[in-house]
Amino acid sequence: MKNSNSIFKKITTIPLKFYAGILIFLPLLYIFILSFFRNDYYGGIIPDFTFDNYRMLIDVVYLKVFLQSFLIAFITTFICICISYPFCLIIKTKKETTQKLIMTFVMIPFLTNSLIRTYGWIVLLRKNGVINQFLMGTHLISSPLSLMYNYFGIVIGMVYTLLPFMILPLNSAVSKLDDSLLDASKDLGANRLQTFFKVVVPETLPGLFNGSLMVFIPAIGLFFISDILGGGKLMLLGNLIKNQFLTARNWPFGAAISITLIIITFIFVKLYKKIGGKMDDLGGGL
Amino acid sequence: MKKVIVKLDDVKKSYGDKVIIPKLDLDVYEGEFLTLLGPSGCGKTTTLRMISGMENVSSGHIYLDGEDVTNVDATKREVNTVFQNYALFSHMTIEKNISYGLKIKKVPNDIITKKVKEMLELVQLQGYEKRKPSQLSGGEQQRVAIARALINEPKVLLLDEPLSALDFKLKKQMQIELKQLQKKLGITFIYVTHNQEEALTMSDRILVFRGGVIEQVGTPKELYLHPKTRFVADFIGDSNIFDGIITKISASSNTAEVTINDTVKAILPNKNYQEGLKISLMLRPENLKLVEKETSKNCIPVKIKENIYDGATSKVIAITNFGKELNITLDRDDKIYPVRSTLFVKWKMEDAVVLKGKEANEE
Amino acid sequence: MKKKYLHNLFLLLVFAFLYLPIIVLVIFSFNSSSLNIVFEQFTFRWYHVLLENRSLLEAFMNTMIVAFTSTIVSTIIGTISAIGIKKYNFIGKEFIQSLLYIPIVIPEIVLGISLLSIYTLFRLDLSLVTLIIAHITFSIPFVIISVRTILDSLPSNLEDASSDLGANKFKTFWYVTLPSIMPGITSGALLAFTLSLDDVIISYFTAGPDSNTLPLKIYSMIKTGITPDVNALSALILVVTIIILMTSTVLQLRKLRKETEL
């Protein structure tokens, strides 16, 4: 009995240890070490200890990229919240089977390839695209609007790709919200807006934070959206890292940016845990 | 002399430094319904799990039907368990659940089919073969769990709080069914519960556990009428307990006088008490009577705090002049006094139970 | 009444937003004009062209190989690991558990470049193998969480019950534990599969020149110029995934209904 137990324990824990050690811990450790090295002009790595890579981040050029990325991520998160709250509160009033059906239809596009769907937006948004054609055809506008290759296009693409990440956790929080709570608030004389801010938001805060985390963080790194819908004109952090690794070949600098991103992520996660969020819900919401 | 079917000999159980059961000796007789009763964490479930083999003993021996099974694996012991919350295999049909033990033992299929049919009949679930556990009510699931254990013809059936998930009415009904089943089959049942009422209703013998130690063993009646310790008195049934000191021994009438709270005098039959001995006096609610006039002995002035009528009986909560709350059960034809009436409560000398020893004044 | 009307209008707009790009892609894949601008005439031409585009089909094959292999491996490792985490204590367990959340929360690009770096450190040439390893890496935590959720919901004494009835550890695992957690395993596997099909960013850094997957191929084509057969392929992929997802949902619902009815 003891023997078979220990064999069983080995089978169920050793692959896990190898996986977590070699495929998660080691690469991150290596990136961390790399971020303190120097690169030579041919893309090689010189193992000299230096803080230069982190110092470089404070350069105005890169600070601008940081700001731009965070601004876009922030706007994306905000829009996602503005769409998701009403969405979840409305479907809360529907029958349970209808709710399930609606959530399935939210999930479906999200489970199909995001790049292909982003490509679909090109067809819609470009100068001679479907939307402009439609607006001109109905004489609402006389000349085509520039809907992509700018902030607008990027934000549309980001919101589109990340919206389900907000709706899913928020919906599980809102659906758990007790109806009597809303009634009680109404009964105590609060209007709809007061009820929303004083009852709904505080009660669903972990879900809101979960969604914000799952929208904000990926939005920083989604380089292909700014490539495709921003036309490569706007440099985001994701694009910056990509360039450092693939074109500029300054890996230590790219590593330093990545480590900074990881630290920012950890701060968000800490905050999320502090307000009572569970780690499993972050991935389990999928 | 009844045959001993399970014997625990000097059994000790500890997890690391934490001793769960310091020393346990226990004989369980063939065909009896034995209940291990106690609050959660008292070691009763651990004891059950050691008998089933799911838990190893730290030292000591366990005998099953005369054979030392201390080192026999749970899979090989001829005992079976009905688990808390049933532990049915939700992906299997009722039929598959019940036949699981025999399938594992590679019993031929035709025998399995026959025995499953018998079992379903026994627990009155004919026609449920192809259903899944989730399609059954709590009581039905309970019966499947029993059938699944009994089909292996265990020498002892262990039941670990099997009724705790059922609602009040169903619980009552299952108590009767379980007791009848045990009588019909004649198999030894060892039943674990923290519910004293369950224990009183079903058991032949009850073993009260506290902190890994047996507090008292006896029939339900013995435990109710003659609890030895304050813990048992408190745990089984409702009780009113007074702390007092033996102040006088009267050799002529062979009685002892107890002083409670410096004022109240109570008389007890003397059992070699000595003056100055601290004791606790226990009175069941049904043995207290409300009267309007004071009697000289065994009588305390009280004020009515609350009258509670629960359908079958009337209960009174009264407060003594020294601030102790008493539970009193009224007879059907007793007068009901309004709240705040000042009265006296009295009792018969022989109804007072003395809880002795160091334990008596604890807590 | 008016409020309800507004509510439904809002839901409709959100769904329009979610489905518009997909619908447009599917429609234009049947457009005879190759410019994606105005719908001229219905045609299957691009689907025929697609069948002749060797490099696209090759990318499709790669995508499938990667998705299937990584799903199978990550489902197996994820499932047994979830059991190990649930049942046993071992040195560094808490640390390992917190490591598991990293692929879920950090930006994909960071995982992509760190895997690329470690491959380079070990002098592994980028190929289908490195790509599959990368996909396994980001899938395993999702499988573990999916299986563990089910494990946590199982009664703790299920395995005790099995051994009480005479089954040893392996029989208990095979007859009781595994079938009980099957729903968690399948949903974990489904998630791993779709994540693999969906991934662009991590694949971008870990795929070799000969191991382009479809998303990567399409990504490079968007930059150099799209041919209408890509529309056809995208439409095919979208429609196929949607059909698979819908069938699995319908089957689940039906199973649920059947079980509650009987």
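Which residue of β2(B) is the bridge partner of Y15(B)? In this predicted model, the bridge partner of Y15(B) in β2(B) is K18(B), and that pair belongs to a wider picture in which strand β1 of chain B, covering residues 4-15, pairs with β2(B) in the antiparallel sense over 8 bridges. The points below take up the sheet and helix α3 of chain B, and then the domains of chain C and its contacts with chain B.

**The sheet of chain B**

- Four strands of chain B form an open sheet, which runs in the order β2-β1-β4-β5 with antiparallel pairing.
- The edges of this sheet are β2 (18-29) and β5 (67-68) of chain B, each of which pairs on one side only.

**Helix α3 of chain B**

- Helix α3 of chain B takes in residues 109-122, and because a rise of 1.5 Å a residue is expected, its 14 residues should span 20 Å, which agrees with the 20 Å that separates its end C-alpha atoms.
- Four residues of α3(B), namely I112(B), V116(B), M119(B) and L120(B), are buried, having 20 or more other C-beta atoms within 10 Å of their own.
- These buried residues cover an arc of only 95 degrees around the axis, and they therefore lie on the same side of α3(B).
- An α-helix has 3.6 residues a turn, so residues three or four places apart point the same way.
- The other side of α3(B) carries D110(B), I111(B), K114(B), E118(B) and E121(B), which are exposed.
- Among the elements that cover the buried residues of α3(B) are α2 (94-104) and α4 (138-150) of chain B.
- After α3(B) comes Q124(B), a residue whose phi is positive, near 55 degrees.

**The domains of chain C**

- According to the domain assignment, chain C holds domain 1, with residues 60-213, and domain 2, with residues 227-262.
- Between the C-alpha centres of domain 1 and domain 2 of chain C there is a distance of 23 Å.

**Where chain C touches chain B**

- On the side of chain C, 17 residues are in contact with chain B, and on the side of chain B the contact involves 22 residues.
- Two or more residues on the side of chain C that touches chain B come from each of α7 (158-164) and α8 (169-198) of chain C, and the element that gives the most is α7(C), with 5 residues.
- By residue class, the side of chain C that touches chain B consists of 8 nonpolar, 5 polar and 4 charged residues.

How values were computed
Residues are numbered from 1 along each chain as its sequence is written. Chains are lettered from A and ligands numbered from 1 in the order in which they are written. This is a predicted model: local features need pLDDT of at least 70, side-chain atom pairs count only at pLDDT 80 or more; totals for chains, interfaces and linings use all residues. Domain bounds come from an automatic or database domain assignment. Two residues are in contact if their C-beta atoms, placed from the backbone, lie within 7 Å. Ala, Val, Leu, Ile, Met, Phe, Trp, Tyr, Cys and Pro count as nonpolar, Asp, Glu, Lys and Arg as charged, and the others, Gly among them, as polar. Two strands pair if DSSP finds at least two bridges between them. The expected span of a helix is 1.5 Å times one less than its number of residues. A residue is buried if 20 or more other C-beta atoms lie within 10 Å of its own, exposed if 12 or fewer, and partly exposed in between; C-beta atoms are placed from the backbone. The arc is that of the directions from the helix axis to the C-beta atoms.
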